[in-house]
Amino acid sequence: MEKPVFRFAPSPNGYLHLGHALSALENERLAQQSAGNLLLRIDDIDLSRARPEFESAISEDLAWLGIEFDGAVRRQSDHISDYQYALDALKEEGLAYPAFMSRADIRDHVSAAEATGDAWPRDPDGAPHYPGVDRELDESERQLRIAAGAAYTWRLDMAAALSRISTPIDWLESGAGPNGETGQVMANPSLWGDAILARRDAPASYHLSVVVDDAIQGISDVVRGRDLFHATSIHRLLQELLGLPVPRYHHHRLLLDTDGRKLSKSRKDTSIRELKTAGLSPADVIRLIR
């Protein structure tokens, strides 16, 4: 029987905070409990935000906490061709299309629809579903716009994708979702609408890159925060469409701030290195989490 394989995959767009430490330590705990391997992956697919100084800080902070990893570090920016191959496969199957509407275009379209009293669907993160305007364009019109230099992203044609799935899809959850979901959980990818697969500043979205990386690295157990529970539905759909193996999933609790929001790098919530500078020991930080 092969060893279980876990991974911790932070993005180098800021310093690690307590929420990251919780996730890394939970991965380490479950890997040790199952005599498995723990890999470190650097999620730097968003080339506009990734910074080498943050990657260095990630390695330093994890080492300071005493977390050890197996094998070489995988950096997404070194494997762009892997994501392009997966995207091309979806294009060839007619499951991806170029989407030309900007954020402002989407906002205006949704506002106009809602002004008539219609409720516009939104994904689990609160973003409105992409309007189907570009999905209906014929190929010649798409190519004319691309040749003219129009900006676009690649989106998944959700209706077409779901039509290729003949049986319900699910996943094994050993943690718990926001409403206590555990065990065999049914996936509902339609909640995401025509999700982004790639854009100009990121050759693959989080959804696409994570399923490709997990398959290539042989990840058997995905351990991550509960805020990504609903994303598992679209990850399972992409795994089915691309013929990728299905890991087990474990979504753990989140650390929240005083306003009840999850900790965030974008709000510059207290980082591990700030706590270290303030004189806390690794044991002190671990006690704060547990």
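Here are a few worked exercises on this predicted model.

**Exercise 1. The parallel sheet**

Work out the order of the strands in the open sheet with parallel pairing, and find which strands stand at its edges.

*Solution.*
- Start with the order: the three strands run β1-β2-β3, and the pairing is parallel.
- Now look for strands with a single partner: β1 (5-8) and β3 (74-75) each have just that, so one side of each is left without a neighbour in the sheet.
- Zoom in on one pairing: β2 (residues 37-42) is joined to β3 by two bridges. Arg-41 sits opposite Arg-74 of β3.
- Finally, add the helix: α1 (residues 18-33) lies across β1 and β2, and it runs at about 170° to β1.

**Exercise 2. The antiparallel sheet**

Do the strand-order analysis for the open sheet that holds β4, β5 and β8, and say how its neighbouring strands are turned.

*Solution.*
- The order is β4-β5-β8, with antiparallel pairing.
- β4 (96-99) and β8 are the edge strands; each has a single partner strand, so one side of each has no neighbour in the sheet.
- For the twist, ignore direction: neighbouring strands are turned by 45° against each other on average.
- Check the β4 and β5 pair: four antiparallel bridges hold it together, and Ala-99 faces Thr-153 in β5.

**Exercise 3. A strand with two faces**

Sort the side chains of β6 (residues 170-173) by face, then find the strand it is joined to.

*Solution.*
- Walk along the strand and the side chains alternate.
- One face gets Trp-171 and Glu-173, which are buried; the other gets Asp-170 and Leu-172, which are not.
- The partner is β7 (residues 183-186), antiparallel to β6 and joined to it by four bridges. Asp-170 has Met-186 as its bridge partner there.

**Exercise 4. The largest nonpolar core**

Find which residues touch the most other members of the largest nonpolar core, and which element supplies the largest share.

*Solution.*
- The core has 36 residues, and the ones touching the most other members are Leu-90, Leu-156, Leu-197, Leu-208, Leu-237 and Leu-241.
- Next, the suppliers: α3 (80-92), β5 (153-156), α6 (158-163), β8 (196-198), α7 (206-216) and α8 (231-242) each give at least two residues. The largest share, five residues, comes from α8.
- Take Leu-241 as a test case: skipping neighbours within four places in sequence, its contacts are Leu-90, Leu-95, Leu-156, Ala-161, Arg-164 and Ile-165.
- Don't stop at one core: another, of 23 residues, lies apart from it, and includes Leu-40, Ile-58, Leu-62 and Val-285.

**Exercise 5. Two packed helices**

Describe how α3 and α8 cross, and classify the residues of their contact.

*Solution.*
- Begin with the usual pair of descriptors: packed helices are described by the angle between their axes and the distance between the axes.
- Here the axes of α3 and α8 come within 10 Å and cross at roughly 75°. That counts as roughly perpendicular, because the class covers 65 to 115 degrees.
- Ala-86, Ala-89 and Leu-90 of α3 make the contact with Leu-238, Leu-241 and Leu-242 of α8.
- Classify them: six nonpolar, no polar and no charged.

**Exercise 6. Placing Arg-107**

Is Arg-107 buried or exposed, and how far apart in space are Arg-107 and Ile-286?

*Solution.*
- Locate Arg-107 first: helix α4 (residues 103-115).
- Its relative accessibility is 52%, so Arg-107 counts as exposed, the cut-off being over 50%.
- For the separation, go C-alpha to C-alpha: Arg-107 and Ile-286 are 43 Å apart in space, and 179 residues apart in sequence.

Key. Residues numbered from 1 in each chain as written. Predicted model: local features only at pLDDT ≥ 70, side-chain atom pairs only at ≥ 80, totals over all residues. Heavy atoms only, no water. Buried < 20%, exposed > 50% of the residue type's maximum accessible area, 1.4 Å probe, protein only. Pairing = 2+ DSSP bridges. Core = buried A, V, L, I, M, F, W, Y, C linked by side-chain atoms within 4.5 Å. Contact = heavy atoms within 4.5 Å. Axes fitted to C-alpha atoms, helices over the stretch in contact; angles between N-to-C directions. Parallel < 35°, antiparallel > 145°, perpendicular 65-115°, else oblique. Nonpolar A, V, L, I, M, F, W, Y, C, P; charged D, E, K, R; others polar.
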